[in-house]
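Colleague: I have just opened this one and could use a quick tour. Can you walk me through it?

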Amino acid sequence: MNQLTRNIPSTEVAEMVGRRHDQVLRDIKTILEHLGDDHKSVGNYFIEDTYQDNLNRAKPCYLLTKKGCELYATRMTGEKGTQFAFKYVERFNEMEEQQKANFTMPQPTQAEIIAMMAQQGVEQERRLNAVEERQAKLEQQQDNITDVVSLNIEGWKDKVSAILNRIAIARGGGDQFRKVRNESYELLESRGKCRLNVRLENLKKEAQARGICSPSKIRNFNKITVIEADTRLTEIYLAIVKEMAIAHKVNAEGLGA
């Protein structure tokens, strides 16, 4: 049966009013005869259709619009008329609600689809670029760490000085150059169980006593001189500088490490 949205088949009307379907069909035909000259507008009330009976045979029926149900209801009075009016009003409201629930948004045009695909492509490219950028940074950090870890005792003083300067710059420069070095010495004293100032004074006295250095050179002795004079302190100090460099994300690039 080609039941259209918001039309009620005469078979269902028959159930609503408690009559046989053939009786409802006869009622509708009588109404059509009474319409006379207005018969041309019958499609606004009753629409000829078919349905499949229990034996799968095509049988004639009508589809009643809401106006058709109202017109059919005029044939009934009293309680039956009221019951039918109640049922068909409820049925039409139910169909309206179902139609609203099944309402779908208009399909996008081809231009809109192309625009959405382009936008998705731009967004996907942006995400890929972000991932690649993060990966590049991670790889650079790994390279930086490798450069720092590759520092060795040979020629270490200039490299360590450059790395400490980079740490100081990373921390804002200014008095950080002094603070960074003092911090590295404090860490060395703690880890190496030593006092650099005491060792420095002892080193100067020994050099003077042995006469192995000129007075001007002895005056230039510093904590780095103390560290360089002790292989164990040198190794500990290099480890400390490496850790500080990694912590501050600076590297030994360009230092020949």
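Modeller: Sure. Keep in mind that this is a predicted model. Let's begin with Met 116. Its relative accessibility is 43%, so Met 116 counts as partly exposed.

Colleague: Where does Met 116 sit?

Modeller: Met 116 is in helix H5, residues 110-149.

Colleague: Which residues make a nonpolar surface patch with Met 116?

Modeller: Ile 113 and Met 117. With Met 116 they make a patch of about 290 Å².

Colleague: Staying with H5, what links Arg 126 and Glu 123?

Modeller: A salt bridge between their side chains, at 2.6 Å from N to O. The two are three residues apart in helix H5, so about one helical turn separates them. Arg 126 is partly exposed at 48%. Glu 123 is partly exposed too, at 28%.

Colleague: How many salt bridges are there?

Modeller: The count comes to 14. One of them joins Arg 19 and Asp 27, with the closest N and O atoms 3.2 Å apart.

Colleague: Is Asp 27 buried or exposed?

Modeller: Buried. Its relative accessibility is 9%, and the cut-off for buried is under 20%. Arg 19 is partly exposed, at 32%.

Colleague: Which residues are linked in a network of salt bridges?

Modeller: Glu 12, Arg 91 and Glu 94.

Colleague: New topic. What is the strand order in the sheet?

Modeller: S1-S3-S2. This is an open sheet of three strands with antiparallel pairing. S1 and S2 are the edge strands, each pairing on one side only.

Colleague: How many bridges pair S1 with S3?

Modeller: Two, in the antiparallel sense. In one pairing, Pro 9 has Leu 63 of S3 as its bridge partner.

Colleague: Which helix lies across S2 and S3?

Modeller: Helix H2, residues 21-35. H2 runs at about 55° to S3.

Colleague: What about Asn 7, buried or exposed?

Modeller: Asn 7 is buried, because its relative accessibility is 6%. Asn 7 lies in the segment before strand S1. Leaving aside residues up to four places away in sequence, Asn 7 touches Ile 47, Leu 63, Leu 64, Thr 65, Phe 92 and Met 95.

Colleague: Last one. Where is Lys 193?

Modeller: In the loop between helix H7 and helix H8. Lys 193 is exposed, at 71% relative accessibility. Its C-alpha atom is 9.7 Å from that of Leu 233, and the two residues are 40 apart along the chain.

How values were computed: Residues are numbered from 1 along each chain as its sequence is written. This is a predicted model: local features need pLDDT of at least 70, side-chain atom pairs count only at pLDDT 80 or more; totals for chains, interfaces and linings use all residues. Side-chain values use heavy atoms; hydrogens and water are left out. Helices (H or I, at least four residues) and strands (E, at least two) are DSSP runs, numbered from the N terminus. Buried means under 20% relative accessible area, exposed over 50%, partly exposed in between (1.4 Å probe, protein chains only). Contact means heavy atoms within 4.5 Å. Patches are made of residues with over 30% relative accessible area and no salt bridge: like charges are joined within 9 Å, nonpolar side chains (Val, Leu, Ile, Met, Phe, Trp, Tyr) within 5 Å. Accessible areas come from the Shrake-Rupley method with a 1.4 Å probe; for residues, only the protein chains shown count as cover. A salt bridge is a side-chain nitrogen of Lys or Arg within 4 Å of a carboxyl oxygen of Asp or Glu. Two strands pair if DSSP finds at least two bridges between them. Axes are lines fitted to C-alpha atoms, for helices over the stretch in contact, and angles run from 0 to 180 degrees between N-to-C directions.
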